[in-house]
Amino acid sequence: MSVPLILIVLAGLAILGFVLGRRRSVQLVDGDARRLHSRPNYHGTSVALAAVVPAFLVLLGWLLIQPIFIESRVAADFPEDAIPEGSTIGLVMGDVNRLAAGLQTLRQTGALTRQEIVNLNAGEDDIRGRLGSIGLALGSDVSPATLEAARQMRLTEDTGRLAMTVVVLALAAAGFGFVLSRISADGRARNTVESVIRVLLMLAATVAILTTVGIIASMLFETINFFGQYPITEFFFGTNWAPNFRGNSDLGIIPLLWGTMYISLIALLVAVPVGLFSAIYLSEYASPTLRGIAKPLIEVLAGIPTIVYGLFALLVVGPMLRDYFAQPLGLGSSGSSVMTAGLVMGIMLIPFVSSLSDDIISAVPQSMRDGSLGLGATKAETIRQVVVPAALPGIVGAVLLAASRAIGETMIVVLGAGAAARLSLNPFEAMTTVTVKIVSQLTGDTNFASPETLVAFALGLTLFVITLGLNVLALIIVRRYREQYE
């Protein structure tokens, strides 16, 4: 049974458990719900949770562990003399995984039956061509050992999937029946349901934290591999970015960092003043009717896909800056430039600063405004010396959010600023950012173990450290001003 079908069955059991549990609790007290310790809905919910939660957790754990277990078992059985010279068991297992997935696809599409897959001969049948017909490319011809390992993997996966279905459904049925049979008028169903929900909320928070740790660990591991092949000093202090997949690459990060910071700075110079001033106007001067119309219109900018902004930069802003500023001033002749990407990215970031700042300024207590006006200050003086400083911690957070978005933006940079890694102060020259190069280094048919590919993880980790530093700096500023105005 497929995983979606198992989930549908679990959802059906949950609904059925809720209905039967609720009905049984009411029947036990002859329809008088006041004699129940917990309301009928809690009894129904307890049956639904007992049917779904343990089964779902087992299903999730099974899906995570089974591939690791099967791959390690198949790798252990793979004959060492069948590993090609210069290759590793890890690379061979990559081919085995792709071949196993291809055989499964061929079977699902009806191109091959189960018996035909069993009878495949690596030397006679054009397995590579068959997989190519469904869009799955293999790096080399299929050897008998690889084909046998793929067959073993598919067989073990089928067996594991069947066992998983039986275990999960049996566990759901057992939980369903056990809790339904123990419903009583004095049963503490409310306490049980609230405890289970509290544990689920804690698990959700734990998953979010562990996901972050896992992402950092995976990037750190590959970054260490990269620095094992490329000097760390040349990466952090090199001023030339010239990757060459045939070797002898220059992978200095400074030109990429310069392009990232330059474009982000221009974007923030556009977004912060416009967004902050519009927020002050909407919260302090605009009528409720105008604010109700203008604020949603500004927030529409946040919903536009970044590819649309990129096309806007490529077709409108870039040629306009080139024709009216760059060429007349003798600063360049290209429509792709730092200024193009920065301006368009700044427009994209306006809602982040404006909407968040508006909410924060509106939350400043009215008593602070009244006190300032009562002492004789004008409205402008009250805004400048009372409202904005009181809202400063939140405004800093909004600016930080915009800065993080600017540093991580890719699509607008690709279409608006080009892909040239260079050190220049001219804002009308093409440059690129760290995120763009991460994408370019990981696309294409390249050797994943080469420094030219692994450098993407070092770039990503460096960007993460920079963003983390910005967060820590903003936190220090927020705490300092929050103490002053509390």
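**Charges, cores and one unusual loop residue**

The protein chain carries 32 positive and 34 negative side chains, and the centres of these two sets are 13 Å apart. These values, like those that follow, come from a predicted model.

The overall form of the chain can be described next. The protein chain contains 17 helices and two strands. Its C-alpha trace spans about 80 × 80 × 40 Å along the principal axes. The radius of gyration is 30 Å, whereas a compact globule of 486 residues would have one near 23 Å. Buried residues account for 38% of the 486 residues. On the outside, the chain exposes about 26,200 Å², and carbon and sulfur atoms supply 65% of that area. Contacts can also be sorted by how far they reach along the sequence. Among those between residues at least 6 apart in sequence, 74% join residues at least 24 apart.

Turning to the interior, it helps to recall that nonpolar side chains tend to be buried together in soluble globular proteins. The largest nonpolar core here has 29 residues, and Ile 263, Met 345 and Leu 349 touch the most other members. At least two residues of this core come from each of α9 (254-285), α11 (306-329), α12 (338-362), α14 (379-408) and α15 (411-417). Helix α12 gives the largest share, with nine residues. Met 345 offers a useful view of these surroundings: leaving aside neighbours within four places in sequence, Met 345 is in contact with Ile 263, Ala 267, Ala 406, Glu 409, Ile 412 and Val 413. Another core, of 19 residues, lies apart from the largest one, and its members include Val 74, Val 96, Leu 120 and Leu 147.

Helix α14 also holds Val 388. When neighbours within four places in sequence are set aside, Val 388 is in contact with Ile 280, Ile 383 and Ile 395. A longer view links Val 388 with Pro 451: the two are 63 residues apart in sequence, and their C-alpha atoms are 49 Å apart in space.

Finally, one loop residue deserves a closer look. Asp 30 is located in the loop between α1 (3-28) and α2 (40-77). Although Asp 30 is not a glycine, it has a positive phi of about 55°. Is this residue buried or exposed? Asp 30 has a relative accessible area of 67%, and the cut-off for exposed is over 50%, so Asp 30 counts as exposed.

Note on methods. Residues numbered from 1 in each chain as written. Predicted model: local features only at pLDDT ≥ 70, side-chain atom pairs only at ≥ 80, totals over all residues. Heavy atoms only, no water. Helix = DSSP H or I, 4+ residues; strand = E, 2+ residues; numbered from the N terminus. Buried < 20%, exposed > 50% of the residue type's maximum accessible area, 1.4 Å probe, protein only. Rg over C-alpha atoms; globule rule 2.2 N^0.38 Å. Contact = heavy atoms within 4.5 Å. Areas by Shrake-Rupley, 256 points an atom, 1.4 Å probe, with all protein chains shown as cover. Lys, Arg positive; Asp, Glu negative; His and termini not counted. Charge placed at Lys NZ, Arg CZ, Asp CG, Glu CD. Core = buried A, V, L, I, M, F, W, Y, C linked by side-chain atoms within 4.5 Å.
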